[in-house]
Amino acid sequence: MLIDFFLNVKNSGINVTLKELLDLVNALDKRIINPKIEEFYYLSRSIMIKDEKYYDRFDRAFSIFFEGVENLDVDFLKDEIPEEWLRKQFEKTLTKEERKKIESLDDLEELMKKFMETFNEQKNRHQGGGKWIGTGGTSPYGAYGSNPFGIRIGQDGNRNFSAAKVWDKRKYMNLDDDVEVGTRNIKVALKKLRKFKRINGNDELDIDETIKKTANNGGYVDIRLKPERKNQVKVLLFFDVGGSMDPYIKLCEELFSAAKYEFKNMEYFYFHNFIYEGVWNNNDRREEVVEIKDIVNKYGSDYKIIFVGDASMGIYEITHINGSIEHYNEKPGESYFYQIKNHFDRVAWLNPIPKEEWEYSQSISYTKHLIENKMFNFTIDGVNQAVKYLSK
Amino acid sequence: MKKFTSTNSYIATHDLELAVNSSMILEKPLLIKGEPGTGKTLLAEEIAKSIDTNIIKWHIKSTTKAQQGLYEYDAITRLRDSQLGDSRIQDISNYIVKGKLWEAFEAKKKVVLLIDEIDKADIEFPNDLLLELDKMEFYVYETKENIVAKNRPIVIITSNNEKELPDAFLRRCIFHYIKFPERDTMEQIIAVHFPKIKKKLLSEALDVFFELRDVPGLKKNPSTSELIDWMKLLLSDDIPRDVLLERDESKAIPPLHGALIKNEQDVQMLERLRFMLRRGK
């Protein structure tokens, strides 16, 4: 049963290994807990889960598993469920935001109607899957699914142990972030950008020089020191903000600011869709414009430039005078882009849109051409390639 | 061995107690995460108190290296001493400076070793301590001796989530996330700190506090430690009760807010919110 439980947790997308299973067995063997299901829940959680963002997934997996064990014979759908009761269950399980979402998305009545249709269509008890009523699926009807607009067919009233269990409360729902590009991976990738030089202050023993001087002194030790190595890489980042890129920006900023300590100098700029006369220093204060010509004058050509954007727009926004959707631009966007491209030695573009789709978008293909194919996917692999190119 | 439970100075929820006890029994490091100010560091001290032993604290900074926790070999002093003909140089162990881990390994009885804010260090830092924390031993190359823990210390590691920790490291730990206390737990916590507080004042202060935490968009949410500071101020100033109650009317934000809100933008935002609220009435 423990092994089934373990596999169940693993299948729910949590990375658990054999070591954790063995630890759990060991812990049970040492009688740390009383034989109570709550205690087992806490124990297995602290041993198997190593990040609070998986708490919610664990709660769900735990719930599904023990549901199966304790309620093998209970079939919710054998008898017809009174609509009144269902509705109550349904409304109870929604959080405030979800309720709001529902209001904007789907009328409650409509959802109920659809549910009844599905219910009539379905003959058997069902678990998993995307359409039928049952447990654990993504269909909007059933229990423990991941569809926020779903109808949850209640667990609370129908079970033989005490109501409102900890794992049913789903307290950690907000902590599950599902970020695909892990901060740690990106940081490790960005670390490769480092370039060390020795500057400032003598604080490291210079062994070669000490040996040489000591030999010259006829054996009398003459200690020599040299400066510590410091990272010399300087980076300018340009973020596309507004519209399609907004979901990514927060993530990007966090990623790069976390990596900030790795670099000697790192500055952010923001633009909308494409580069024109100026960019913003601060996304909240767009009146403070930094002109491209000032950037080119101020920063040396050894700065590494990284654009982060989806490059998805009308092609005229790049190639035409007055192509910008926000203001009148005297020269086409691409001419400003060339100012940057020509001044700096290393320029790369990170694009969160999957690589396979690039060729179908005119503006992405064109931007890729402008940047001489130095456009990379915003994935671990892509960032690695970009870093490799930038650090050459 | 004694089990860890809530003490009369520290309230631990049941799941936290269980996590601490399983880490003690399984002899694995306990990794504690949670919002700042939920008592992560304090926990280690309380564990030490409850099993009646000493605590060794190792505070991690961005420049801390794993090796510093084990030992450091002071080669330069030795080289200098050799020039002066000091007899100390014959014994290399005179120049080995012991680190916190070594101290903990050597201790006569089981101690609590706190590795505080491990996420501050370089991302490879936890990886460098894998073997040492797993086997509780390390090798000193200079003196060719193997240091093995006499009593495996209870290792408590705290993290503020600034950096992600490597999987291999996590796999060796027991993990617990301290959730922000709910109202009744919070009442217990306050009662522990201020046993004489009036029930009414407590419940009103908590109202203000939880209301404040519900304000969306605050840069820094007030936490338990801030609440305790604030209560201290309230009690010492002997604020009349009605000041707390009239918060909706003329006063923009809670009295003595300096203890609760640590950011001037947050103060401004609250004032703006109150203003809008009043105008809306």
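Let's start with strand β5 of chain B, residues 112-116, in this predicted model. Four of its five residues are buried, so the strand is largely enclosed by the rest of the structure. If you're wondering what "buried" means here, a residue gets that label because 20 or more other C-beta atoms lie within 10 Å of its own.

So who are the neighbours of β5(B)? Look first at strand β2 of chain B, residues 55-59. Five bridges join β2(B) to β5(B), and the two run parallel. You can pick out individual partners along this pairing: B:Ile55 stands opposite B:Val112, and B:Lys57 has B:Leu114 as its bridge partner. Now turn to strand β8 of chain B, which covers residues 154-159. Here four bridges make the link to β5(B), again with the strands parallel. One pair to find on the screen is B:Ile115 with its bridge partner B:Ile157 in β8(B). As a bit of background, strands of a sheet pair through backbone hydrogen bonds, either parallel or antiparallel.

Step back, and these strands turn out to belong to an open sheet of five, in the order β2-β5-β8-β1-β9 of chain B, with parallel pairing. The edges are β2 and β9 (174-178) of chain B, each of which pairs on one side only. The sheet has a twist to it as well: neighbouring strands are turned by 20 degrees against each other on average, ignoring direction.

What else does chain B hold? Its full count is 13 helices and nine strands. Of its 281 residues, 28% count as buried. Take the contacts in chain B with a separation of 6 or more: 75% of them are between residues 24 or more positions apart.

Chain B also touches chain A, so let's go there next. How many residues does each chain bring to the contact? Chain A gives 29 residues and chain B gives 23. On the chain A side, the elements that give two or more residues are the helices α2 (18-29), α3 (37-48) and α9 (183-191). Sorted by class, that side of chain A has 14 nonpolar, five polar and 10 charged residues.

Finally, zoom in on α3(A), one of those contributing elements. This helix has 12 residues and reaches 16 Å from its first C-alpha to its last, close to the 16 Å expected at 1.5 Å a residue. Which residues of α3(A) are buried? They are A:Tyr41, A:Tyr42, A:Leu43, A:Ser44, A:Arg45, A:Ser46, A:Ile47 and A:Met48.

Methods
Residues are numbered from 1 along each chain as its sequence is written. Chains are lettered from A and ligands numbered from 1 in the order in which they are written. This is a predicted model: local features need pLDDT of at least 70, side-chain atom pairs count only at pLDDT 80 or more; totals for chains, interfaces and linings use all residues. Two residues are in contact if their C-beta atoms, placed from the backbone, lie within 7 Å. Ala, Val, Leu, Ile, Met, Phe, Trp, Tyr, Cys and Pro count as nonpolar, Asp, Glu, Lys and Arg as charged, and the others, Gly among them, as polar. The expected span of a helix is 1.5 Å times one less than its number of residues. A residue is buried if 20 or more other C-beta atoms lie within 10 Å of its own, exposed if 12 or fewer, and partly exposed in between; C-beta atoms are placed from the backbone. Two strands pair if DSSP finds at least two bridges between them. Axes are lines fitted to C-alpha atoms, for helices over the stretch in contact, and angles run from 0 to 180 degrees between N-to-C directions.
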